There are 2 protein chains.
Amino acid sequence: MADPAYVAVDWGTSSFRLWLIGKDGTILGESRSDEGMTTAARTGFADVLGSHLSKLDAPENLPVIICGMAGAKQGWVEAGYIDVPASLSAILTGAVSVPGQSRDVRILPGLAQRDKEMPDVMRGEETQLLGALGPDGKGSQAVCMPGTHSKWVHVSDGSVTGFSSFMTGELFEAITKHTILSHAVAGADQGPADAVAFEAAVRAAFARPAMATNLFFTARSGQLLHGLTPAGAQARISGTLIGLEIAGALSNAANGVGITLVASGRLLGLYETALKTLSLSYTAIDADTAVRRGLAAAAQAIWPN
Amino acid sequence: MADPAYVAVDWGTSSFRLWLIGKDGTILGESRSDEGMTTAARTGFADVLGSHLSKLDAPENLPVIICGMAGAKQGWVEAGYIDVPASLSAILTGAVSVPGQSRDVRILPGLAQRDKEMPDVMRGEETQLLGALGPDGKGSQAVCMPGTHSKWVHVSDGSVTGFSSFMTGELFEAITKHTILSHAVAGADQGPADAVAFEAAVRAAFARPAMATNLFFTARSGQLLHGLTPAGAQARISGTLIGLEIAGALSNAANGVGITLVASGRLLGLYETALKTLSLSYTAIDADTAVRRGLAAAAQAIWPN
């Protein structure tokens with residue numbers, strides 16, 4: 001087994017993931033929990049990190065590179081933002097040190113788009129992006145990173161030219177839990193997903209995005225009038241949100257731009273189905289792999305061998 | 001004071017409104033409460049109605065005409081739906097009697113659009129619509145009835161040709177209470193509304209409806225990057241939802257169709273501002289007046305003098 005070289009951490013709002021990485025780049029150990037920024041802000045960031053490091057017996061002098069919400073204003077140490085347009089490699093240079101630690105701990109900055117009409121921010125996805133494309137990516141790409149607040153990033157020859165956040169995941173939660181549609185979807189998770197309803201909703205929202213909040217309502221009226229199932233209602237809401245997101249994201253993109261999908265698990269499946277339904281070709285990259293690669297690039301830049 | 005002729009009731013999901021109407025059409029008394037369908041389904045519809053009638057000393061033989069959710073499947077007595085396309089006057093003919101009452105109590109039907117792709121239903125708004133336009137309304141109209149589930153109805157020469165529900169009001173509640181944007185709007189209700197932010201959001205969502213869930217997110221990123229106030233964040237969310245609704249509704253309408261706005265209070269103000277911002281001309285009718293007029297037309301048809 002290779003000697004450990006550094007520790008990589010993806011510290012989100014509600015999740016914590018840590019990997020012990022060897023000198024040859026292999027993963028020597030992994031530790032996950034739900035101690036995201038929200039929890040750690042209460043219990044202490046240093047304690048959360050320390051407990052995961054102990055669990056993996058990480059050597060005391062091993063440096064730690066972190067991306068994500070640990071660098072937010074409400075996080076551990078504010079790591080600021082790199083303003084776009086910016087080169088992907090600029091992300092590597094903006095890490096801040098966490099003071100008062102026995103080991104070298106750095107947090108990577110986020111990206112900010114200070115446009116007056118379309119202000120936007122990200123923290124964590126910039127590292128995924130770096131890992132997915134590499135610092136010198138060629139050509140024009142629209143990179144989709146689905147999630148609570150899905151990010152679509154426009155990258156041209158290694159430079160981030162702009163990006164947009166879509167509240168897809170969080171709206172799905174709010175709509176299915178806190179509106180009248182909670183009744184329409186009750187029990188949906190106990191059965192198989194309704195792929196036909198999902199694809200129809202993706203197509204409808206993509207074709208007529210202005211009808212989005214009406215399409216949501218058809219999850220209810222479809223049950224009253226056509227016997228739509230709970231799984232069908234859930235698929236309609238999910239498909240409408242994803243179809244709307246893709247329509248919005250591509251309205252900002254050049255025709256025929258390459259799409260890169262950075263996702264894993266259930267979201268990877270949903271977005272692959274949506275893109276295929278719309279006859280949009282794409283390249284998929286595993287989200288976990290991408291964030292580790294981005295953290296590796298940062299570690300290599302900060303602590304060259 | 002004129003003798004009472006009938007009792008008119010608008011019985012919604014969460015509100016109950018009753019008027020005692022004189023033989024000359026004047027309002028002799030009014031009683032309101034939050035005993036909508038949800039409450040009445042627990043406490044008993046007959047008891048709720050009885051308590052309001054007693055409060056106004058309504059004579060024992062006075063008939064009662066009701067519109068709204070009291071006629072839903074989960075309501076008092078199911079009043080079914082009239083399928084569109086339908087003439088406005090068809091609404092007048094579909095009332096069902098509530099059995100076992102000492103007085104004549106009737107509930108008006110709703111409207112259903114059994115379209116496979118765009119199923120839709122309404123209960124209560126069909127009576128507002130009838131009151132706003134009269135049973136023989138001429139010309140083509142797009143009638144907007146804002147609310148929890150805003151309705152836009154297309155009417156041509158006295159016939160309802162189609163309609164769409166938009167979840168505008170309910171999504172505003174869900175987004176401002178149950179997403180990360182609840183922090184962005186905290187305290188907004190303590191100060192004046194931000195008309196500039198509202199109008200900008202209406203314009204942005206109307207012009208680019210596909211960006212809706214991104215525009216919501218700018219309520220947060222605008223605070224992080226540009227010092228947007230809580231009132232500004234609230235106005236952005238509200239303006240985005242209303243701009244999106246108008247874009248969707250008019251995408252179904254003929255160019256230059258007349259717009260009739262049936263609303264009152266705060267919603268009237270918001271929708272008037274939105275329509276003016278988009279340079280759309282409209283005629284406004286008070287929602288309370290419209291529903292009473294619709295109920296009066298039904299009472300006249302059922303119990304002609």
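In this predicted model, chain B drops onto chain A with an RMSD of 0.0 Å after a turn of 180° and a shift of 0.0 Å along the axis. The two copies are therefore related as by a two-fold rotation axis. Both copies also use the same surface, with 100% of the contact residues of chain B turning up again in chain A.

Turning to the single chain, chain A carries eleven helices and 15 strands. Its radius of gyration comes out at 21 Å, close to the 19 Å that the globule rule gives for 305 residues, so chain A is as compact as a globular protein of that length. As for its outline, the C-alpha trace of chain A spans about 65 × 40 × 40 Å along the principal axes.

What about the packing inside? Of the 305 residues in chain A, 54% are buried, that is, they have 20 or more other C-beta atoms within 10 Å of their own. Sequence-distant pairs are well represented too: take the contacts in chain A between residues at least 6 apart in sequence, and 66% of them join residues at least 24 apart.

One helix of chain A gets a check of its own. Helix α9 of chain A runs over residues 230-251, and at 1.5 Å a residue its 22 residues should span 32 Å; the end C-alpha atoms are indeed 32 Å apart, so expectation and model agree. α9(A) is also mostly covered, with 19 of its 22 residues buried.

Note on methods. Residues numbered from 1 in each chain as written. Chains lettered and ligands numbered in written order. Predicted model: local features only at pLDDT ≥ 70, side-chain atom pairs only at ≥ 80, totals over all residues. Helix = DSSP H or I, 4+ residues; strand = E, 2+ residues; numbered from the N terminus. Rg over C-alpha atoms; globule rule 2.2 N^0.38 Å. Buried ≥ 20, exposed ≤ 12 C-beta atoms within 10 Å, placed from the backbone. Contact = placed C-beta atoms within 7 Å. Expected span 1.5 Å × (residues − 1). Least-squares fit on C-alpha atoms with pLDDT ≥ 70 in both.
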